Amino acid sequence: MAINKGTVAFSFGVDETYTGGTVTSLSLNQEYGNVGEIRDENGAMISKRYDDIHRSGTMTVLLEDATVPSDALGTTFTYDGVVYYIDGISEARTNEGYAEYTLNIKEYENCSSVTTA
């Protein structure tokens with residue numbers, strides 16, 4: 001018989017919440033989809049422009065009922081003012097721990113993250 005102490009909703013070091021579970025890890029990165037360089041007659045770069053920000057990352061959650069909603073792919077959520085969409089889901093299980101689900105998340109600066117049915 002397992003003994004649980006504490007609350008269901010707790011976060012240490014991660015300030016994101018997930019309805020029906022606890023976020024255990026959040027990793028975000030940013031890169032530019034369009035990088036333009038201007039070179040002079042000698043081939044030396046004299047200017048560079050960065051445009052079209054692409055953000056991506058992963059969010060790992062422990063779900064209370066250990067079931068990822070079937071409609072999770074393509075849904076959106078907001079973190080730090082940026083709307084991300086869920087692009088992929090992976091599952092990891094061990095015999096000494098809880099089932100963890102890692103959600104791949106993406107956002108493109110000039111592309112709406114809103115999905116339509």
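A salt bridge is a side-chain nitrogen of Lys or Arg within 4 Å of a carboxyl oxygen of Asp or Glu. Keep that in mind for the exercises below.

The structure is a predicted model, in which local features need pLDDT of at least 70 and side-chain atom pairs count only at pLDDT 80 or more, while totals for chains, interfaces and linings use all residues. Residues are numbered from 1 along each chain as its sequence is written, and side-chain values use heavy atoms, with hydrogens and water left out.

**Exercise 1. Take stock of the chain**

Task: Find out how many helices and strands the chain has, and what share of its residues counts as buried.

Solution:
- Step 1. Helices (H or I, at least four residues) and strands (E, at least two) are DSSP runs, numbered from the N terminus. The chain has zero helices and five strands, so its elements read β-β-β-β-β from the N terminus on.
- Step 2. Buried means under 20% relative accessible area, exposed over 50%, and partly exposed in between (1.4 Å probe, protein chains only). Of the 117 residues, 24% count as buried.
- Step 3. Accessible areas come from the Shrake-Rupley method with a 1.4 Å probe, and for residues only the protein chains shown count as cover. The chain exposes about 8600 Å², and carbon and sulfur atoms supply 48% of that area.

**Exercise 2. Follow the hairpin**

Task: Describe how strands S1 and S2 are joined, and which residue in the turn has a positive phi.

Solution:
- Step 1. Two strands pair if DSSP finds at least two bridges between them. S1 (residues 21–39) and S2 run antiparallel, joined by 17 bridges; S2 covers residues 45–63.
- Step 2. For one example of a bridge, look at Ser27, whose partner in S2 is Thr58.
- Step 3. The two strands form a hairpin with five residues between them, and Gly43 in the turn has a positive phi of about 90 degrees.

**Exercise 3. Two residues in the paired strands**

Task: Decide whether Gly21 is buried or exposed, do so for Thr60 too, and list what each one touches.

Solution:
- Step 1. Gly21 lies in strand S1. Gly21 counts as buried because its relative accessibility is 14%.
- Step 2. Contact means heavy atoms within 4.5 Å. Not counting residues up to four places away in sequence, Gly21 touches Leu62, Leu63 and Glu64.
- Step 3. Gly21 and Leu63 are 42 residues apart along the chain, yet their C-alpha atoms are separated by 4.0 Å.
- Step 4. Thr60, found in strand S2, has 10% relative accessibility and therefore counts as buried.
- Step 5. Leaving aside neighbours within four places in sequence, the contacts of Thr60 are Thr22, Val23, Thr24, Ser25, Glu100, Tyr101 and Thr102.

**Exercise 4. Look for charged pairs**

Task: Work out which residues form a network of salt bridges.

Solution:
- Step 1. Side chains of opposite charge can pair when their charged atoms come close. The structure holds six salt bridges.
- Step 2. One of them joins Glu37 and Arg39 (2.7 Å, N to O). Another joins Lys48 and Glu37 (3.3 Å, N to O); this pair links distant parts of the chain, with Lys48 in S2 and Glu37 in S1, 11 residues apart.
- Step 3. Putting these together, Glu37, Arg39 and Lys48 are linked in a network.
- Step 4. Glu37 counts as partly exposed at 39% relative accessibility, as do Arg39 at 46% and Lys48 at 36%.
- Step 5. Arg49 and Asp51 also meet in a salt bridge (3.5 Å, N to O). Arg49 is exposed because its relative accessible area is 56%, whereas Asp51, at 28%, counts as partly exposed.

**Exercise 5. Core and surface**

Task: Identify which residues touch the most other members of the largest nonpolar core, and which residues form a nonpolar patch on the surface.

Solution:
- Step 1. A nonpolar core is a set of buried Ala, Val, Leu, Ile, Met, Phe, Trp, Tyr and Cys residues joined through side-chain atoms within 4.5 Å.
- Step 2. The largest core has 13 residues, of which Met59, Val61, Phe77, Tyr84 and Tyr101 touch the most other members. S2, S3 (76–79), S4 (82–92) and S5 (100–108) each supply at least two residues of this core.
- Step 3. Patches are made of residues with over 30% relative accessible area and no salt bridge: like charges are joined within 9 Å, nonpolar side chains (Val, Leu, Ile, Met, Phe, Trp, Tyr) within 5 Å.
- Step 4. Tyr32, Val35 and Tyr50 form a nonpolar patch, with about 280 Å² of accessible area together. Tyr50 counts as partly exposed, because its relative accessibility is 46%.
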